[in-house]
Amino acid sequence: PAPTLAQPCARRTTCPYCGVGCGVLATPDGIGGLTIKGDPDHPANFGRLCSKGSALGETVTTEDRLLYPVVAGARSGWDDALDLVVRKFQDMIAKHGPDSVAFYVSGQMLSEDYYVANKLMKGFIGSANIDTNSRLCMASTVAGHKRAFGTDTVPGQYTDLEQADLIVLTGSNLAWCHPVLYQRIVAAKKARPQMKVINIDPRRTATSDIADLHLSIRPGGDAALFNRLLVEIYAQGAIDADFIRDHVEGFDAALATAHRCDSAVTGLSEADLQAFCDLWITSHKVVTVFSQGVNQSSSGSDKVNAILNCHLATGRIGKPGCGPFSMTGQPNAMGGREVGGLANMLACHLDIENADHRSAVKTFWNAPAMPVEAGLKAVDMFRAVADGRIKAIWIICTNPVVSMPEADAVRTALEGCDFVVVSDMYGNTDTAKLADVILPATGWGEKDGTVTNSERCISRQRAILPPPGEARHDWDIIADVGRRMGWASAFDYQSPAEIFREYAALSGIAGQLGRDFDISAMQEISDSEYGDLAPLHWPQTAHRAGGRFFGDGRFFTPSGRGRMLPIQFRPPQSVPSADYPYVLNTGRVRDHWHTMTRTGTSARLSQHLAEPFIEIHPDDAADLGLAVADLAWIRSPHGHAILRVLITDRIGRGQAFAPMHWTSQYASRGQIDTLVSAHVDPVSGQPESKASVVRIEKYHAA
Ligand code: SF4
């Protein structure tokens with residue numbers, strides 16, 4: 001029922017922050033805000049919420065919201081703004097071809113928004129130049145999954161973590177970055193004290209608190225560690241020979257390469273290496289959880305495959321309590337993968353390089369054009385803006401001037417770009433300030449659609465509050481542009497439910513082509529069924545609803561076997577030197593999200609850590625003449641920042657950690673991604689955000 005001021009009622013929706021995807025009960029408070037509770041019936045959180053989710057009601061303020069379109073700094077009407085966008089994009093395409101334009105989108109978008117953007121760029125403009133900030137989040141996992149499984153498939157689900165005998169958390173500060181899932185593990189460990197947890201992270205973090213073993217691995221050492229594990233699995237006779245014989249290929253080559261890998265590069269003692277291997281091998285049910293510490297690396301895809309190798313070799317995959325498990329950072333990073341929001345994918349896990357897949361999508365969309373090869377991935381996309389190959393870019397729901405590596409170069413690129421469009425809730429982000437056209441978009445609590453969390457659970461975000469001012473939904477803005485570009489029937493959408501049905505129907509074709517992502521059972525759901533849609537895991541077909549993948553030994557590769565890959569250790573690309581002797585790790589803090597456009601509006605969330613900081617080891621602080629709470633210059637080959645010094649032995653010597661959130665709105669020189677090198681993984685294109693090199697010096701005020 002619709003809420004009324006007299007009788008407000010709670011509506012079910014989904015948290016817009018991390019990839020856990022918690023269900024939220026939001027109730028209008030009668031004065032324009034919301035009161036928030038966890039949804040006890042949502043399978044991700046069963047009523048729990050973390051600090052960020054609990055504070056959502058404080059962030060729905062309309063203060064500072066962009067309420068109308070802005071063109072060249074002045075208020076505009078929607079017709080004039082969209083006509084200008086269409087004219088500029090059409091001019092560029094006519095003069096320079098479809099690859100002269102690009103969309104840069106976001107894992108914050110709902111699947112319906114994402115689907116329409118992808119359809120417009122790939123099927124109608126005819127370029128694959130649509131990429132997403134999820135490239136910075138989980139692209140290495142996508143590449144690793146596709147190489148091993150044939151598809152980008154997360155094999156298991158959250159309940160596996162509660163059933164495991166051993167959980168390995170590698171490159172994941174789950175306690176701060178996915179807090180509700182961490183709470184579930186804490187509760188499961190309390191109920192089953194025999195459960196063990198290993199935490200692999202160069203830093204000791206809040207997540208280490210529940211670890212039976214914490215391994216302070218050297219930054220970048222993960223592939224060598226899992227290669228060592230594969231060697232030990234074989235040496236101890238712990239392979240699942242039947243599973244390998246019937247369902248796996250590449251075992252011998254993977255093992256031979258692992259044998260040649262020197263595990264000393266992990267920086268771990270022999271005792272710790274052996275303890276890790278022994279616990280992994282002797283635990284019957286093992287889940288290896290991995291996240292940005294694995295993905296954000298110039299060898300991220302290889303690290304992922306080194307992990308998958310160990311699970312394939314032991315058959316510990318797709319069974320209760322077993323499997324590799326990637327955690328996505330963003331609320332809809334998974335949905336973006338499903339709708340093909342990456343430059344190297346088509347919708348519904350179809351492959352852009354596959355002629356049959358391209359043809360199926362082209363026919364389904366009745367599309368005039370379809371690119372035959374991948375478009376530019378995020379880092380290359382902004383390089384193409386910088387050198388003039390891309391002349392018009394539309395940035396939707398993200399803030400790359402702050403969040404991209406070598407962020408100052410991204411700023412310079414956008415300053416020099418012929419035409420920049422930004423759709424956002426706010427007109428004052430660092431990126432929006434550089435736009436020729438800013439379009440006001442609705443945000444969480446104001447829009448309807450679906451998101452998919454890290455365990456393949458699709459759940460609804462629901463509109464509870466009215467759009468502020470003239471703000472419109474992203475799918476509606478993008479479809480309007482598509483119609484104005486001349487494709488009226490292809491973009492004649494009236495609702496997100498209609499988009500969802502189309503996308504579900506396309507997934508059925510993908511299923512017939514042997515893809516994993518198939519939700520065709522929902523292609524005819526009514527508007528009211530979509531309105532009431534309860535959380536459900538994909539696949540959803542006439543024959544199958546949810547569950548795990550690969551426990552039956554069937555994979556989506558051409559041979560039907562899971563693929564083990566030979567993985568060679570490659571160190572991070574930035575090498576410490578006399579000029580830049582420290583390795584800089586970046587990441588999240590507990591109470592802020594991305595560039596703080598939403599969490600920065602909550603005083604409660606800002607109390608946790610009020611300003612950006614840099615963690616360094618006490619011995620390094622002594623060498624540098626730095627005391628607690630001093631300010632320090634942090635310089636890299638790409639930029640500089642001034643940060644408060646936090647001295648702690650949670651971090652190793654020669655290393656530093658700084659959070660990624662602060663923007664010029666909140667700290668004039670606290671932006672970290674200005675320092676981060678834009679080295680990327682050659683397979684996934686994901687930047688190496690965990691291992692840049694910096695110099696640290698005491699700051700003296702002039
Ligand atoms: Fe939101 Fe993630 Fe916290 Fe759940 S764990 S409430 S999805 S931020």
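**Exercise 1. Find how far apart the centres of domain 1 and domain 2 are, and say which residues build the contact on the domain 1 side.**

Step 1. Keep in mind that we're working with a predicted model. Taken over C-alpha atoms, the centres of domain 1 and domain 2 sit 25 Å apart.

Step 2. Now locate the pieces. Domain 1 covers 11-59, while domain 2 comes in two stretches, 70-134 and 373-537. The chain also has domain 3 (139-327 + 558-563) and domain 4 (582-698).

Step 3. Look at the contact itself: domain 1 puts in 15 residues and domain 2 puts in 13. On the domain 1 side, strands S1 (11-14) and S2 (23-28) are the elements that give two or more residues. S1 has the largest share, with four residues.

Step 4. Sort that side of domain 1 by class, and you get seven nonpolar, six polar and two charged residues.

**Exercise 2. Work out which domains the ligand lies between.**

Step 1. Start with the shell: 14 residues surround the ligand, and the ones that come nearest are Cys-15, Cys-18, Cys-22, Cys-50 and Gly-53.

Step 2. Check the elements. Helix H1 (51-54) and helix H7 (179-191) are the ones that give two or more residues to this shell.

Step 3. Put it together: the shell takes residues from both domain 1 (11-59) and domain 3 (139-327 + 558-563), so the ligand lies between these two.

Step 4. For the class make-up, count nine nonpolar, four polar and one charged residues around the ligand.

**Exercise 3. Decide whether Gln-108 is buried or exposed, and list what it touches.**

Step 1. Place the residue: Gln-108 is in the loop that links strand S6 (101-105) to H3.

Step 2. Count its surroundings. A residue with 20 or more other C-beta atoms within 10 Å is buried. Gln-108 has 29 of them within 10 Å, so it's buried.

Step 3. Skip the neighbours within four places in sequence, and the contacts of Gln-108 are Pro-16, Gln-330, Pro-331, Asn-332, Cys-397 and Thr-398.

**Exercise 4. Describe the largest nonpolar core and name the helix that gives the most to it.**

Step 1. This core holds 193 residues, and Ala-117, Ile-167 and Ile-393 have the most contacts inside it.

Step 2. Helix H3 (residues 111-125) is the top giver, with eight residues.

Step 3. Zoom in on Ala-117: leaving out residues up to four places away in sequence, it touches Phe-103, Val-105, Ile-130, Ile-396 and Ile-478.

Step 4. Another core, of 24 residues, lies apart from this one; Leu-584 and Val-693 are among its members.

Technical notes:
Residues are numbered from 1 along each chain as its sequence is written. This is a predicted model: local features need pLDDT of at least 70, side-chain atom pairs count only at pLDDT 80 or more; totals for chains, interfaces and linings use all residues. Domain bounds come from an automatic or database domain assignment. Two residues are in contact if their C-beta atoms, placed from the backbone, lie within 7 Å. Ala, Val, Leu, Ile, Met, Phe, Trp, Tyr, Cys and Pro count as nonpolar, Asp, Glu, Lys and Arg as charged, and the others, Gly among them, as polar. A residue is near a molecule or strand if its C-beta atom, placed from the backbone, lies within 6 Å of it. A nonpolar core is a set of buried Ala, Val, Leu, Ile, Met, Phe, Trp, Tyr and Cys residues joined through C-beta atoms within 7 Å. A residue is buried if 20 or more other C-beta atoms lie within 10 Å of its own, exposed if 12 or fewer, and partly exposed in between; C-beta atoms are placed from the backbone.
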